[in-house]
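Please work through the following exercises with the sequence and the model open side by side. Each task is followed by a solution that proceeds step by step.

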Amino acid sequence: MMIFTIEEINKDQTLLPSIRLGYSIYDNCRKVPQAVRAALTLLNGVDNSIKNYKCTGSPPIPAIVGDARSTQSIIIGRIAGRFRIPMVSYSSSCSCLSNKLEFPTFFRTIPSDSFQAKAMAQLVKHFGWTWVGSIATQDDYGQYLVQLFNEQIQNYGICLAFTEAIPKLPSRQKILQIVDTIKKSTAKVIVLFAGVGDIISLANEVVRQNITNKQWIASETWSTAALLATKQNFRSFGGTMGFAFRKGEIPQFKEFLLKVRPSSIPGNSLVNRFWEKLFGCTLNLPDNTTGHTTTTILEPICTGQEDIEKSDSVYSDVSQLRVSYNVYKAVYAIAHALHNLVTCEPNKGPFLNKICANISHFEPWQLLHYLKDVTFTNHVGEKVYFDENGDPIASYDIMNWQMDADGSVKIVTIGLFDASAAPGQELLINEDIVTWSDGQTKEIPSSICSESCPPGTRKAAQKGKPMCCFDCLQCPEGKISNQTDSIHCLTCPIDYWSNQERDQCVLKEIEFLSFEDILGIILTTIALFGACITIVILAIFIHYRNTPVVRANNMELSFLLLISLVLCFLCSLTFIGQPSVWSCILRHTVFGVSFALCISCILGKTIVVLMVFSATRPNNNMMKYFGPLQQRASVFTCTFLQVIICILWLATSPPFPVKNTKYQSAKIILECDVGSVTAFCCVLGYIGLLAAISVVLAFLARKLPDNFNEAKFITFSMLIFSAVWITFIPAYISSPGKYTVAVEIFAILSSSFGLATCNFAPKCYIILLKPDQNTKQHLMGRAATASR
């Protein structure tokens with residue numbers, strides 16, 4: 001290809017019309033010492049007797065095309081850089097060669113491995129593979145590339161299941177160890193960075209042990225290797241996917257190849273050996289010079305006129321010109337740099353004093369200047385230029401090994417990687433035509449260490465394993481994950497809670513004791529029933545207000561007590577319904593004042609009973625100190641003190657509605673906060689104080705005559721009242737949500753029914769069912785009997 005390109009340039013009358021290019025070609029034989037020897041020979045000329053003076057002056061060559069392998073290019077590049085000789089490689093891809101400080105004169109027409117590593121990482125990510133193995137040659141190419149690949153996949157959350165290195169001269173034991181690693185690994189995708197010659201032993205062992213269902217990802221060095229893409233290897237390597245340099249169709253190149261024959265270049269030992277190898281024969285020419293001598297002829301005789309196209313060889317196949325196409329671009333890049341050097345306008349040159357280089361004796365560093373800025377479009381239509389690192393536009397064909405209908409293996413282009421495309425659009429793959437490792441074209445193989453965590457769970461790393469190996473833990477209550485493979489669970493907002501699947505936040509259930517609830521309806525009914533019964537009793541007492549039973553039991557305080565009981569029944573309704581500012585204020589204050597009024601009336605009645613019976617004793621005139629006026633004043637005073645406490649409570653820290661999420665996280669309990677706990681305790685404590693005094697006084701009056709004695713009923717009613725509210729405390733604390741309010745309502749209703757029943761049921765019984773006992777004589781008679 002290099003010879004063809006130089007001849008094509010020499011025939012071009014526009015590129016370098018007055019200049020003919022020449023060349024010297026040296027084979028490094030894939031050996032580093034030979035590559036160094038070739039480089040030094042190019043720099044000093046072919047004369048082996050090098051004198052000291054030869055180390056001065058200009059090198060005999062202005063530019064180098066090569067080397068093919070990265071290791072050799074690193075060595076030669078350092079040498080060429082010392083002499084500022086431009087070097088254009090067609091196959092050295094190590095990213096380290098992009099370092100202009102270390103390799104200032106190095107250029108290449110092949111993309112850097114950093115782009116190949118990026119392309120491979122994007123390919124692995126594209127198909128959702130997160131658990132892959134890697135194998136690389138133990139040289140600069142392999143180790144640099146696997147390092148770059150590892151850095152790239154870490155950005156995508158992909159892990160390496162294993163990493164193996166192939167030595168330059170691998171032993172069978174090493175090959176078996178690598179194959180054993182492949183067999184034991186759970187990774188279904190293996191990325192292989194190596195040249196064809198480096199992996200033949202490994203490939204043969206993989207085929208021999210019949211390792212299948214592994215998806216191989218090939219680097220550009222072997223993705224198009226016909227030597228490996230065979231029918232015998234297809235069971236193990238079928239579906240191999242890899243990257244390859246962009247190919248180019250070069251006009252007239254096939255015709256050039258077909259013209260090569262021993263008679264066209266007489267005396268060329270390389271051509272003669274090539275001919276004998278191609279046809280498996282021994283040349284028999286008048287001036288045969290094969291470069292070797294044989295004493296016994298064991299092969300057919302050939303004349304040098306055989307038809308190359310009829311030979312079973314890939315020599316004349318120009319359909320996959322990839323590395324050769326890079327050689328073509330490398331030679332043209334140097335030619336265009338020379339063209340720019342030649343066409344420099346006088347006094348407008350880029351060098352000191354604006355001079356131009358003299359094409360007859362220019363320095364390599366002057367050509368280097370023009371090579372940095374070279375830009376052209378070749379005959380294939382591709383734009384060629386170098387970036388600041390000496391690298392070309394990075395683009396790769398994506399190849400796939402498929403079996404044809406006739407059983408032969410073909411390497412098909414299935415996509416493209418273009419580094420110059422917009423982010424996220426660099427990789428283009430036609431998945432419909434891909435053949436996978438199992439020979440199928442539909443389902444993408446899976447290669448993961450752990451199954452993806454569904455929404456509602458989070459990933460938890462497994463101890464001692466890469467991040468791709470994890471367990472899936474369900475999000476706790478109140479937290480969700482709405483994406484696959486979430487790392488963290490998100491906390492729901494204050495008014496939201498996680499659903500059962502933990503994959504979305506839903507509005508919390510709002511709970512309060514409403515009038516529509518069954519419990520609310522029952523309590524409302526009981527409260528209204530109690531209020532109605534109390535009103536009926538009040539009506540009975542008003543109707544029979546002139547009867548002895550009503551008059552003997554302190555009619556005025558009885559009326560006031562019945563009214564307060566109606567308020568006690570009705571105040572329970574303020575506890576039902578959605579809490580608001582006003583309902584919270586009313587429920588506690590009305591409750592406190594109503595019960596204070598109620599207990600004050602009972603306390604007043606108890607004091608009256610004691611005063612009445614004390615007044616019957618000789619020389620006892622205490623009743624005049626506790627007449628109707630004093631009774632009203634005592635009830636008003638006791639109630640007013642509660643009103644003062646409530647006013648101070650509302651003035652300082654009144655009750656207010658709150659959303660309680662502490663006790664039941666999945667619910668928002670709407671309730672009333674008491675505001676000032678101290679004030680609330682004072683309200684309850686004051687009611688308790690009045691109740692305690694009433695109990696003590698009633699207990700003292702328990703042995704007074706039955707007919708006039710309300711003390712026993714008062715005592716019993718206050719004991720019920722106290723028992724209800726004492727048992728209310730633990731029940732109130734332990735009841736959740738709306739049942740807390742229900743317990744409070746139940747305590748109010750129970751104590752109200754207890755007070756109403758004990759104080760008024762016996763009297764109603766006499767008034768309605770025993771009217772014959774509702775007489776003064778009956779009451780006085782019983783009283784006299786009791787006194788005796």
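## Exercise 1: a strand and its partner

Task: find which residue of β7 is the bridge partner of I190, and describe how the side chains of β7 are arranged.

Solution. In β7, the residue that serves as bridge partner of I190 is W216. Helices and strands here are DSSP runs numbered from the N terminus, with H or I over at least four residues for a helix and E over at least two for a strand. The model is a predicted one, in which local features need pLDDT of at least 70 and side-chain atom pairs count only at pLDDT 80 or more, whereas totals for chains, interfaces and linings use all residues. Residues are numbered from 1 along each chain as its sequence is written, and side-chain values use heavy atoms, with hydrogens and water left out.

Next, widen the view to the two strands: β6 (residues 189-193) and β7 (residues 215-218) run parallel and are joined by 4 bridges, where pairing requires that DSSP finds at least two bridges between two strands. Then turn to the side chains: Q215 and I217 point one way from β7, W216 and A218 point the other way, and all are buried, that is, under 20% relative accessible area, with exposed meaning over 50% and partly exposed in between (1.4 Å probe, protein chains only). In a regular strand the side chains alternate between the two faces of the sheet.

## Exercise 2: the sheet of 8 strands and its helices

Task: state the strand order of the open sheet of 8 strands, and identify which strands form its edges.

Solution. The order is β5-β4-β6-β7-β8-β13-β14-β15, and the pairing is mixed. The edges are β5 (159-166) and β15 (427-429), each of which pairs on one side only. Neighbouring strands are turned against each other by 25° on average, direction ignored; for such angles, axes are lines fitted to C-alpha atoms, for helices over the stretch in contact, and values run from 0 to 180 degrees between N-to-C directions.

Within this sheet, β13 (residues 395-403) and β14 (residues 409-418) pair in the antiparallel sense over 9 bridges, and D397 stands opposite L416 in β14. Finally, add the helices: α4 (residues 113-126) lies across β4, β6, β7, β8, β13, β14 and β15, running at about 50° to β15, while α7 (residues 196-208) lies across β4, β5, β6 and β7, at about 115° to β5.

## Exercise 3: the sheet of 3 strands

Task: explain why one side of β22 and one side of β23 are left without a neighbour in the sheet.

Solution. Begin with the order of this open sheet, β22-β24-β23, whose pairing is mixed. β22 (509-511) and β23 (656-660) stand at the edges and have a single partner strand each, so one side of each is left without a neighbour in the sheet. The twist from one strand to the next averages 25°. β22 pairs with β24 (residues 667-673) in the parallel sense over 3 bridges, and I510 has I668 as its bridge partner in β24.

## Exercise 4: a helix pair

Task: describe how α1 and α11 pack, and at what angle.

Solution. Helix α1 (residues 2-11) packs against helix α11 (residues 323-342) at an angle of about 35°, and their axes are 9 Å apart. The contact, which means heavy atoms within 4.5 Å, is made by M2, F4, T5, I6, E8 and I9 of α1 together with V327, Y328, V331, Y332 and A335 of α11.

## Exercise 5: local backbone features

Task: locate the cis peptide bond between G66 and D67, and decide whether R84 and K354 are exposed or partly exposed.

Solution. The peptide bond from G66 to D67 is cis, with omega near 0°, and D67 is placed in the loop between β1 (64-65) and α3 (70-82). R84, in the loop between α3 and β2 (87-89), has a positive phi near 60° although it is a residue other than glycine; at a relative accessible area of 45%, R84 is partly exposed. K354 lies in the loop between α11 and α12 (364-372) and also has a positive phi, of about 60°, without being a glycine, but with a relative accessible area of 53% K354 is exposed.
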